[in-house]
Amino acid sequence: MEKITSLAKRRGFVFQSSEIYGGQNGAWDYGPLGIELKNRIAAAWWKEMTQLHDDIVGLDAAILMHPRTWEASGHVENFTDPLVDCKKCKTRFRADQIPEENIAAKKCPECGGELTDTRKFNLMFKTHIGPAEDTASVIYLRPETAQGIYVNYKNIIQSNRMKIPFGIAQIGKAFRNEIVTKNFIFRTCEFEQMEMQYFVKGGTDEEWFNEWRRRRWAYYEKLGVKMDHLRWHQHGPGELAHYAKDAYDIEYLFPMGWRELEGVHNRTDYDLRRHTEYSGKDMQYIDQDNNSERYIPYIIETSAGLTRNVLMVLCDAYDEELVASEKKDGAEGSADDWRTVLRFHPSLAPVTVAVLPLMKKDGLAELAQDIRRELKEDFATDYDQAGAIGRRYRRQDEAGTPFCVTVDYQSKEDGTVTLRFRDSMEQIRVPKAELAARLRQEIKTYKRIK
Ligand code: ATP
């Protein structure tokens, strides 16, 4: 993880928030490469959910919601973690994340000092809206995006003539006052979620639950994630959230071990029932195709962390390998060389293609700039003319750029360029007129080889 964290900083994927003031716990900033990666992961999910599913539509609800929302959802009462403090070293722990013996003996796992009693700690960030800081002005930063979908479900049925079963997808920020934030961007106080809520008739919920488990697994497979680094974990009775009938996590093998990446939950009709109760509005669905039958739908939720997916993609892509030092056109270099490479799927890579003139002089830089200008409309491009070509390839490998185009003297004569592949380091010559089509084809048929 240290290697990934330092690469992320060095190459501008992720920076510590407010670093010049010593950093802000639980918050991170996404740099030029990081925001591109995050946007592409979000776009892949959004395409999967909305474009590829005729029965799912999108939404972008506000972060600030009426405070009654969180009473109805059960978060005010139940969204708590068990907290203990060490009286001696002052370290704070989640009681469910340290060995039970320590809790029983009230002994700090770090320093052996005495632990406080376990108390419940609500994870919602509370603030005030308006000038008066009284109880009437309390407002929460949303701890999940889901509730914004539930309170809009009737609006969406009416405006978009949706029929059950159907889904609503949303990507957005969520906030949790996490007791322990560690492991880089894995668990943070400010993060982003990609959630899809699928509304079904009670009785069909288990079938849909299994179907969504299947679809979410297939999605990661399509994204090219190492499938032996993914597994299912079913929530036991003690783990189930207050709203859930059944829940499975997709776990990823992060450097610190197996951890949750995404949850698939059967939330039953709990949320819409509670909103009916607290808002006084009728949240029943009226089935026009079945004698206006009325019922409160069940909800199958797929809830993935976007920022946690960024970490997963970085970990999954990270590789170091010993290679022969590279020259152009495959000429073997002398000494062996370690390279760090991020093997991103080309559709997720922050830069798709880098254009590199072999030399700055003799018109090669101008020709390379022309080629970049042409590619730019369709691809995320970079341009680099500084330093030896082998070193420039390494820089692109570290950024996860799947393709490099090198412009040399032959390019001036016959209009061909070198196309260099990140994973295999193979180099081929391609007429520059065919470059865009070739890249499109390579992206479409990409298969990870290592
Ligand atoms: P945990 O028990 O680990 O605190 P959770 O089970 O409460 O997490 P969910 O409420 O199911 O998590 O959240 C859905 C998804 O949102 C998670 O799978 C994860 O990807 C993401 N997520 C939740 N909390 C955080 C966080 N603090 N930082 C980053 N991502 C988060």
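A salt bridge here is a side-chain nitrogen of Lys or Arg within 4 Å of a carboxyl oxygen of Asp or Glu. By this rule, the predicted model contains 45 salt bridges.

**View 1. Salt bridge between Arg-40 and Glu-36 in helix α2.** The closest N and O atoms of Arg-40 and Glu-36 are 3.3 Å apart. Both residues belong to helix α2 (residues 32–51), where they are four residues apart and therefore separated by about one helical turn. Glu-36 is partly exposed, its relative accessible area being 32%.

**View 2. Salt bridge between the side chains of Glu-114 and Lys-87.** The N to O distance in this pair is 3.4 Å. Glu-114 is located in the loop between α5 (100–105) and β6 (119–122), and Lys-87 in the loop between β4 (80–85) and β5 (92–94), so the contact ties together parts that are 27 residues apart in sequence. Glu-114 is partly exposed, with a relative accessible area of 44%. Lys-87 likewise counts as partly exposed, at 46% relative accessibility.

**View 3. Salt bridge between the side chains of Asp-96 and Arg-94.** The two side chains meet at 3.1 Å, N to O. Arg-94 counts as buried, with 13% relative accessibility, whereas Asp-96 is partly exposed, with a relative accessible area of 47%.

**View 4. A network of salt bridges that includes Asp-319 and Lys-450.** The acidic members of this network are Asp-319, Glu-321, Asp-337, Asp-397 and Asp-423. Linked with them are Arg-339, Arg-343, Arg-394, Arg-420, Arg-422 and Lys-450.

Conventions. Residues numbered from 1 in each chain as written. Predicted model: local features only at pLDDT ≥ 70, side-chain atom pairs only at ≥ 80, totals over all residues. Heavy atoms only, no water. Helix = DSSP H or I, 4+ residues; strand = E, 2+ residues; numbered from the N terminus. Buried < 20%, exposed > 50% of the residue type's maximum accessible area, 1.4 Å probe, protein only.
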